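Biologist: I'm new to this one and would like a close look at a single part. Could you take me through the place where two helices pack, and then show me what surrounds it in the chain?

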Amino acid sequence: MRNLIAKTGLLIFCLFGWFGVWSQDLNNYLVYNGSWSNLASSSYARTEDSVFEDEKVGLVLSGGGAKGLAHIGVIRALEENNIPIDYIVGTSMGAIVGGMYAIGLNPDQMEALVNTDEFQSLATGNIEDEYKFYFMQEDPNPSWLSLKVAKDSIWETTLPTNLINSVGIDFLFLEHFSGPAAASGYNFDNLLIPFRCVAADIESKKEVVFREGHLNTAIRASATFPFYLKPISIDGKLLFDGGLYNNFPTDIMYNEFFPDIIIGSNVAGQLAAPSADNVLSQIRNMLIRRSEYTVICDNGILIEPKGNVGIFSFSNAQTMIDSGYSATIAKMPEIKMALTRRMDQEVLEQRRKRFREKQPPLKLDQVYVDGLNKRQATYVRKLLSAKKNEEINLSDIKYVYFRVFEDDRINTIFPQLEYNKFTNLYDLYLDITKDKEIQVDLGGVISSRPISGAYLKLKYNHLGSIGVSANINGSLGKLYTSAQIKTRLDFPIKLPLLLEPVITYNRWDYFKSSTDFFDNETPSYLVQKEKYFGLEIGFPIQNKGRVRLGSNFANLRDEYYQTKQFDKLDTADRTDFNVLSSHIRYEKNSLNRKQYANQGSYLGIKVIHNIGEEIETPGSTSTTEGKWNTIHEWVQIKIEYNSYYKNKGFIRLGTFFEGVYSGQSLFHNYTSSILRAPSFQPNPESKTLFLESFRAYKYGALGQRIILNLRKNVDLRFEGYLFHPYQSIVKQDNTVSLGDEFDKIYSIATATLVYHSPLGPLSLSTNYYHNTPEIAQESKTPLTFFFHFGYILFNKRAIE
């Protein structure tokens, strides 16, 4: 009897508190019941008898970014002590953790998921290596930033609305939440644990509560941290992180479920007051409504895990989980005193098992594409290899799904699965927006040596029944000048195919870029020019590999003096090589950066056939008279392997191999022969130097890299390379010949401090070139110091 009186008193006490909150907040939030409503009355029916059943417990989980992973530890501690959880309401990360628990994941499963490399990679906007589609990626260029505009609004300025792309996390949510949502009939009351999550509608300035619908969409909306993730639209409303208006939704728990006891887990701090000198604090206060981090009823219990981690520091997941567990254990005596009911773990596991068995397998029937016209939608469907009336598993489409996103004509893609109870299959709906048609890339390099230059690229993308990209790019600097026009046509057949014609002009001036650098006998004047037209056909080999076949017709012109005694009135010697170069190239690439990578690997195998005519035109200082010409034909094979076999932690290790076999014959003189020889250029500085010692027709090279990851985006790199030519190209008076077999070994050692800025690498290096007379005479140390900001990257050579 006393227990009944106590419960009745508790009910009356909480009823008044609940009614006050409910009446005050009735019109303060929108409810999604498959459509939008201002009605805030509870949809969860508790009968009169159920009020007097064992106590019902509601768990409220706050937002807080990576700190919100502490909620997993909170749930673990509650489960281990048999504390029941009957309802869950969450915001932002609280919605993600609460949603995982509501669909039946136990604490072990949740902890394992968030500690995976996949989750931590996706949470920071990265796609796992195995899902990156290398075939669609452009060749690396020295751009720092890209600006995109639509062709019908060229003068309209837009800023990016998201820091990271969400394609990976969106698909993860689709995989985990679509089956449980279908099993619940898209009613969140019918999940294993009745669930609500909160988002923010910035147009109406109201919070949004999700009771029904697609669970992955609701949770994604709730976790859309402004400017970090791109917002999504649901039935015409653009939604953001629920933490903007209600970061600790205890009032939603009362309004929606009216539990006997609320346990709240809060990892969010109070919003700091705006400062006159801090514009970010002003923006935060304009956007975010202050939340009350309290549990409304006096019998509620507040748990506040502590953890000094950043809001996006998902690599510290275990630290926060342990923090949540410890904070809850500390509160456990208070929880057990307030609550007499306990949950039997075997009963809970049986409920989880039954709920999992209700979930229809993720088999797909139809694929629908929204947001594109008919031709564009057909292009996407073909990329997905999705045919009408063809049943496929969601896992089967995962690789090609990410291939669609890798197409740079596609801006965003948001997936949704709708279960059809008549076919027992899901229909996949893809909401796709195409990217803006015009792209402007700006970049270049700034250096301590006279090699600085600027880079500009203009690109136009068209998406129709095929994909078309046309671009023109140019570089201008003392060392390197280039202009290129290139068009890419993508055909979305079962094995994707590209066709790429290109016209290129390249010029390297080793004279202007080397003044006062060398102290040796290297020719003072070396200029290489090339003009070529090329055509390539390409196709992918799985996700990481690609094959390119093509031909280039080129004029290669080398201008040089074979003596240092010349003046402005002299004319240089000139060697022209008119060549038809055909090649087949296989590449497999998962490197994480286009320069100074510290993760992934690269394998390149290229076979080239060259046939052309060498024409030498002597200059005013030449010892020969009259033109000289001959035909050269040879096959060249090049293999390059670059792998970071230890790519995590403070110390990272990589290895490097490069081998070249060329049947090329010597040209008419030493300088023309050495200019046309394959070169070994393993580090950025060597790409800017004309190093005769590291050029040969046949060679092998090995390297080892030790990288200290000092902090995020800061590396200290130690690299060493050995270069062993089969036969060096030797100058003897006015003749050229090949040296003895395996006669010399050359080496490069470098120590480099690199900061990977948002625009490009900022690098300071010390480089040692052993046994390299081009760098310094024997009496001097062959040591160089090199600084650069930006990328040292060039357009492809004609016979590279």
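Modeller: Here is the helix pair, followed by some other spots in the chain. Before that, a word on the source: this is a predicted model, in which local features need pLDDT of at least 70 and side-chain atom pairs count only at pLDDT 80 or more, while totals for chains, interfaces and linings use all residues. Residues are numbered from 1 along each chain as its sequence is written, and side-chain values use heavy atoms, with hydrogens and water left out.

Now to the helices. Two packed helices are described by the angle between their axes and the distance between the axes. Helix α7 covers residues 167-183 and helix α8 covers residues 215-222; they pack at about 135°, and their axes are 7 Å apart. (Helices are DSSP runs of H or I with at least four residues, strands are runs of E with at least two, and both are numbered from the N terminus. Axes are lines fitted to C-alpha atoms, for helices over the stretch in contact, with angles from 0 to 180 degrees between N-to-C directions.) α7 and α8 are therefore oblique to each other; angles under 35 degrees count as roughly parallel, over 145 as roughly antiparallel, 65 to 115 as roughly perpendicular, and the rest as oblique.

Which residues in α7 and α8 meet? From α7 come Asp170, Phe173, Leu174, Phe177 and Ala181, and from α8 come Leu215, Asn216, Ile219 and Arg220; contact means heavy atoms within 4.5 Å. By class, the contact of α7 with α8 has six nonpolar, one polar and two charged residues. (Ala, Val, Leu, Ile, Met, Phe, Trp, Tyr, Cys and Pro count as nonpolar, Asp, Glu, Lys and Arg as charged, and the others, Gly among them, as polar.)

Step back, and the protein chain has 15 helices and 33 strands. Of its 800 residues, 53% are buried, where buried means under 20% relative accessible area, exposed over 50%, and partly exposed in between, with a 1.4 Å probe and protein chains only. Among contacts in the chain with a separation of 6 or more, 69% join residues 24 or more positions apart.

Pro107 gives you one place to see that. Pro107 sits in helix α5 (residues 107-114) and counts as buried, at 4% relative accessibility. Leaving aside neighbours within four places in sequence, Pro107 touches Ile72, Ile75, Arg76, Glu79 and Arg352. Leu364, in strand β12 (residues 363-370), is buried too, with a relative accessible area of 0%. From Leu364 to Asp427 is 63 residues in sequence but 5.7 Å in space, C-alpha to C-alpha.

Rings make links as well: the structure holds 32 aromatic pairs. In one of them, the centres of Phe694 and Tyr746 are 5.8 Å apart and the planes stand at 55°, so the pair is tilted. (Rings of Phe, Tyr and Trp, using its six-membered ring, pair if their centres lie within 6.5 Å; planes under 30 degrees apart are stacked, over 60 edge-to-face, and the rest tilted.) Phe694 is in the loop between α15 (670-675) and β27 (698-711), while Tyr746 is in strand β31 (residues 746-756), 52 residues apart. Both Phe694 and Tyr746 are buried.
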